[in-house]
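Work through the exercises below with the sequence and the coordinates at hand. Each task is followed by a solution in steps.

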Amino acid sequence: MAETSSDCGRKKAKVDGSLDGSSAAARFKSKFQPSWSKKWPCIIAVPRSPTEFRCTVCDKVCSCAHQGESDVTRHIQGEKHQKNVRVRTNAALLSSFGFISTSDPLKDKVTTAEIKVAILLVENNIPLAFADKLSPTFKELFPDSNIAKNYHSARMKTTCILNGAIARHVKQTLVKQLKSGVFSMSTDGSNDKDLDKMNPITVKLFDINTSRAVTRFLDMGVTQGVDAAKASTIFEAIDEVMTDNSIPRKTA
Ligand SMILES: [Zn+2]
């Protein structure tokens, strides 16, 4: 009999490898189901241990012997898993554009600082022009820092980091989610600029990693011409966004 430590919020449980015994070993134990991996890609089977699952986000083996899928749900919704998801998301954001170059640690640190400041400005609705003041301020405040000395990201570079790298990454991640789950889509005329009309397209979906319904911006949905505000023109714009991103209609 092997004892498995379950650190998924439950007490230690005895897990028996054989089911041909007469007492505790004969009790029914829930086994891992392959469908769980489709529902939660981070949940995978543990070889030769059917009553356990591994979470690749937490790099942890947990027991599913007691309540099966409910054990997995409890882990996914747990505080530790949620925290690890946030850590992973931030790390992926910084490393997925080829920004991270281990050949020059200082350059990596400077780039990381520039990216984090760009995200900070956007998250707090601070005008990007504010970035013009940051480079000289950092140098003045931290004269002994090589990172501050090499930090150069005014409004132009900050804009490029946001539009050229971060926005693309965020959109790719969102489109991937839309391809694998159900979602709703909405739009509303936002602004007119000459004959161009902006119709921000947002989607509402269930984020499996955070177990929450979230609303995300998908595209600006620009329409043009004298018919820019017509429903048929706006529909064509939405249709084009879905086609361009290969988003299936059946899940919308
Ligand atoms: Zn986990």
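The exercises cover confidence, one buried residue, the nonpolar cores and one sheet.

The model is predicted: local features need pLDDT of at least 70, side-chain atom pairs count only at pLDDT 80 or more, and totals for chains, interfaces and linings use all residues. Residues are numbered from 1 along each chain as its sequence is written.

**Exercise 1. Establish which parts of the model carry low confidence.**

Step 1. pLDDT is the predictor's confidence in each residue, from 0 to 100. Its mean over the protein is 81, and 81% of the residues reach 70 or more.

Step 2. Sort by element, where helices (H or I, at least four residues) and strands (E, at least two) are DSSP runs numbered from the N terminus. The protein has eight helices and ten strands. Confidence is lowest in strand S1 (residues 2–4), with a mean of 38, and highest in helix H5 (residues 131–141), at 95.

Step 3. Look for stretches of low values. Residues 1–7 stay under 50 in pLDDT, and the model gives them 16 contacts beyond four places in sequence; a contact means C-beta atoms, placed from the backbone, within 7 Å. Residues 9–26 are also below 50, with 27 contacts beyond near neighbours in sequence. Where pLDDT is low, the predicted coordinates should not be read in detail.

**Exercise 2. Decide whether Phe-32 is buried or exposed, and list what Phe-32 touches.**

Step 1. Locate the residue: Phe-32 sits in the loop between strand S2 (13–15) and helix H1 (35–39).

Step 2. Apply the cut-offs: buried means 20 or more other C-beta atoms within 10 Å of the residue's own, exposed means 12 or fewer, and partly exposed is in between, with C-beta atoms placed from the backbone. Phe-32 is buried because it has 22 C-beta neighbours inside 10 Å. Of the 252 residues of the protein, 19% count as buried.

Step 3. Leaving out residues up to four places away in sequence, Phe-32 touches Ala-45, Pro-50, Glu-52, Phe-53 and Cys-64. The C-alpha atoms of Phe-32 and Ala-45 are 6.5 Å apart, with the two residues 13 apart along the chain.

**Exercise 3. Find the nonpolar cores.**

Step 1. A nonpolar core is a set of buried Ala, Val, Leu, Ile, Met, Phe, Trp, Tyr and Cys residues joined through C-beta atoms within 7 Å.

Step 2. The largest core has 13 residues, and Trp-36, Trp-40, Ile-43, Phe-53, Cys-55, Cys-64 and Val-72 have the most contacts inside it. Strand S4 (52–55) and helix H2 (69–77) are the elements giving two or more residues to this core.

Step 3. Beyond its neighbours within four places in sequence, Ile-43 contacts Trp-36, Ser-37, Phe-53, Cys-55 and Val-72. A second, separate core of eight residues includes Val-117, Ala-118, Tyr-151 and Ile-161.

**Exercise 4. Describe the sheet that contains S9 and the helices on it.**

Step 1. Strands pair if DSSP finds at least two bridges between them. Three strands form an open antiparallel sheet in the order S6-S9-S10, with S6 (183–187) and S10 as edge strands.

Step 2. S6 and S9 pair over five bridges, and Ser-184 stands opposite Lys-204 in S9. S9 (residues 201–207) and S10 (residues 212–219) pair over seven bridges; Val-203 has Arg-216 as its bridge partner.

Step 3. Four residues separate S9 and S10 in a hairpin, where Ser-211 in the turn has a positive phi of about 55°.

Step 4. Helix H8 (residues 231–244) lies across S6, S9 and S10 at about 140° to S6; axes are lines fitted to C-alpha atoms, for helices over the stretch in contact, and angles run from 0 to 180 degrees between N-to-C directions.

Technical notes
Two residues are in contact if their C-beta atoms, placed from the backbone, lie within 7 Å.
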